[in-house]
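Colleague: Got a minute to walk me through this one? I'd like to start with the aromatics.
Modeller: Sure, let me pull it up.

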Amino acid sequence: MASQNVAEYLLDRLTEWDVETVFGYPGDGINGIVTALGAGKGPRFVQARHEEMSAFEAVGYAKFTGRVGVCMATSGPGAIHLLNGLYDAKLDHVPVVAIVGHAARTSLGGSYQQEVDLPTLFKDVASDYVQMVTVPEQLPNVLDRALRIAQARRAPTAVIIPSDVQELEYSAPTHAMKMVPSSLGTSWPSVAPDPAAVHRAADLLNAGEKVAILIGHGARDAAAEVQEVAELLGAGVAKALLGKDSLPDTLPYVTGSIGLLGTRPSYEMMRDCDTLLTIGSSFPYTQFMPEEGQARGVQIDLDATMIGLRYPYEVNLVADAGEALRALVPLLERKEDRGWREDLGDKVSQWWQTMRDEALVDADPVNPLLVFSEFSERMPADAIIAADSGSAANWYARQLRFPPGVRGSLSGNLATMGPGVPYGIGAKFGNPGRPVIVFEGDGAMQMNGLAELITVSRYWREWADPRLVVVVLHNNDLNQVTWELRAFSGSPTVPMTQELPEVGYADFASSLGLGGITVDTPDALGAAWDEALGATRPTVLDVRTDPNVPPIPPHATLEQAMNAAKSAMKGDPNAWDFIKEGLKTKVQELLPGHRS
């Protein structure tokens with residue numbers, strides 16, 4: 001066998017692990033790896049416009065494939081740029097491996113150019129595993145463990161390789177003291193629940209009369225079992241934000257999202273239930289859970305470190321969601337009184353009608369809810385949907401009605417700005433035959449999305465289905481923060497911090513050879529969606545939306561909405577506009593037939 005250097009072995013080893021795509025950006029700290037890539041070694045290298053974007057793309061790839069995402073960066077500033085994307089992976093429990101260059105070993109400790117203490121830098125974000133390779137014999141063990149631990153812990157890990165080590169001739173670990181051989185492949189178990197605990201859980205659930213189920217992304221692979229349990233218990237099912245695609249919204253008992261971005265049916269179900277079953281979710285906002293002492297609870301989670309959180313559950317089952325629910329089903333008694341379920345169904349039906357009515361409220365020029373409502377009616381059955389943080393996340397959570405098979409995600413726990421477009425790119429490389437739709441605020445678009453359109457323009461012809469639709473909510477306002485100032489601080493908007501410069505997003509896309517559609521009237525929106533979803537190239541849908549349509553939480557009363565608006569009138573140049581839009585929107589929930 002011909003000799004190879006460490007960089008070449010690294011890329012070959014990634015290929016043996018079936019890593020098909022690496023997202024990254026070059027620099028002299030990874031020159032050895034770049035040279036090996038140039039010789040045709042290893043996975044497909046996708047060049048982002050910024051290292052942070054490569055990390056987000058790896059997160060998007062991992063979220064929408066279930067496989068490990070891999071990103072790569074040079075030493076010093078390149079490594080630093082990865083951090084935000086890796087924290088996104090850490091907080092959303094996504095398997096990502098970062099491969100990072102470093103200063104040459106001979107320069108370490110000498111205050112050399114771009115020398116940063118990378119093991120310390122990555123110690124928190126990659127707390128499950130971060131190692132620096134200093135000799136060739138270390139590499140297979142370190143890389144294999146990084147990949148396995150990322151999968152096992154659903155977390156980011158990091159492998160740091162000094163630039164001079166990349167150029168060394170590879171030498172495998174020997175059969176000797178202090179050598180650590182390694183091997184490829186992993187067969188993962190299904191974690192079964194404790195039988196006695198399953199019986200206790202069944203007894204508790206059988207005793208309940210008003211059962212509420214809360215699911216997160218940990219329940220995604222157990223959708224059939226969740227449905228069976230919900231049917232037996234006559235329960236409604238609410239979804240944490242990261243669990244939006246874990247069960248279809250088309251089921252009549254699915255109450256939708258929960259929390260500040262959630263629905264009224266979910267809020268009222270949690271307010272009124274006497275029993276709570278939580279599956280694969282660590283939803284953090286306890287004020288949207290049942291009052292303590294109101295409901296008895298069971299939690300199921302594969303991660304023992306996340307069990308028993310958020311609510312005083314009586315039974316905490318550490319197990320795979322599907323395994324636990326399949327064990328429960330034979331022990332559950334079908335509830336013959338379906339009054340609770342029927343009442344929830346009525347509320348859900350009314351909610352979706354209310355959402356459509358709110359979307360049809362006049363605004364200046366386009367109601368942002370209408371952007372999502374019109375798409376919901378046209379959603380491709382195999383769509384993958386990414387939403388950025390900000391006001392786009394509100395309407396993603398409430399307005400989009402997911403049918404079976406649609407995937408969707410956003411930055412759930414870090415709630416960072418800017419991952420929408422790179423998530424979409426990662427999704428396309430992982431699923432090149434599926435249409436991807438990204439919902440962006442114009443703040444996030446200016447922060448990261450515009451630059452990553454250049455990446456889209458470079459690679460889109462490689463995708464079997466060329467459709468990547470980026471929808472921009474164009475209101476020249478950092479809208480989510482504007483509403484947080486009004487609602488949480490009672491403060492008027494601060495134009496010098498909140499207003500955004502004017503950009504023609506569709507024009508920018510067209511300049512790159514992508515599709516660009518501008519919409520500035522509600523009547524044009526449906527046809528624009530049809531054009532974008534039928535396009536033969538990626539398309540930016542630039543929609544002029546009204547920044548004064550409020551993201552009112554589901555628990556807010558009409559009186560509270562009015563008080564919040566009045567509290568911000570002093571000095572807010574848009575006070576009357578957002579009061580007017582808030583009243584017109586909120587009243588849709590209070591009209592006859594829209595409330596139980």
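Modeller: Let's begin with phenylalanine 429 and tyrosine 459, which are both buried. Keep in mind that this is a predicted model.

Colleague: OK, how are the rings of phenylalanine 429 and tyrosine 459 placed, and what kind of pair is that?
Modeller: Their centres are 5.6 Å apart and the planes are at 75 degrees, so the pair is edge-to-face. Over 60 degrees counts as edge-to-face.

Colleague: And where in the chain do the two sit?
Modeller: Phenylalanine 429 is in helix α16 and tyrosine 459 is in helix α17, residues 442–459. They are 30 residues apart, so to speak a link between distant parts of the chain.

Colleague: Which residues form an aromatic cluster with them?
Modeller: Phe23, Tyr61 and Trp463 join Phe429 and Tyr459 in one cluster.

Colleague: How many aromatic pairs are there in the whole structure?
Modeller: The search finds 13. One of them is tyrosine 267 with phenylalanine 288: the ring centres lie 6.4 Å apart with planes at 75 degrees, so that pair is edge-to-face. Tyrosine 267 belongs to helix α11, while phenylalanine 288 is in the loop between β10 and β11.

Colleague: Is phenylalanine 288 buried or exposed?
Modeller: Buried, with a relative accessible area of 5%. Tyrosine 267 comes out at 24%, so it counts as partly exposed.

Colleague: Switching topic. Which charged residues sit over a ring?
Modeller: Arginine 341 has its charged end over the ring of tyrosine 253, 4.2 Å from the centre. Lysine 244 lies over the face of tyrosine 396, at 5.8 Å from the ring centre.

Colleague: Now the sheet. What's the strand order?
Modeller: It's an open sheet of six strands, β14-β13-β15-β16-β18-β17, with parallel pairing. At the edges are β14 (407–409) and β17 (515–519); each has a single partner strand, so one side of each has no neighbour in the sheet. On average, neighbouring strands are turned by 15 degrees against each other, direction ignored.

Colleague: How many bridges join β15 to β16?
Modeller: Six, between residues 436–441 of β15 and 468–474 of β16. Phenylalanine 439 stands opposite valine 471 there.

Colleague: Back to α16 for a second. Which strands does that helix lie across?
Modeller: Helix α16, residues 420–430, lies across β13, β14, β15 and β16, and runs at about 170 degrees to β15. Helix α3 (residues 51–65) lies across β13 and β14, at about 140 degrees to β14.

Terms used:
Residues are numbered from 1 along each chain as its sequence is written. This is a predicted model: local features need pLDDT of at least 70, side-chain atom pairs count only at pLDDT 80 or more; totals for chains, interfaces and linings use all residues. Side-chain values use heavy atoms; hydrogens and water are left out. Two strands pair if DSSP finds at least two bridges between them. Helices (H or I, at least four residues) and strands (E, at least two) are DSSP runs, numbered from the N terminus. Axes are lines fitted to C-alpha atoms, for helices over the stretch in contact, and angles run from 0 to 180 degrees between N-to-C directions. Contact means heavy atoms within 4.5 Å. Rings of Phe, Tyr and Trp (its six-membered ring) pair if their centres lie within 6.5 Å; planes under 30 degrees apart count as stacked, over 60 as edge-to-face and the rest as tilted. Buried means under 20% relative accessible area, exposed over 50%, partly exposed in between (1.4 Å probe, protein chains only). A charge sits over a ring if NZ of Lys or CZ of Arg is within 6 Å of the ring centre and within 35 degrees of the ring normal.
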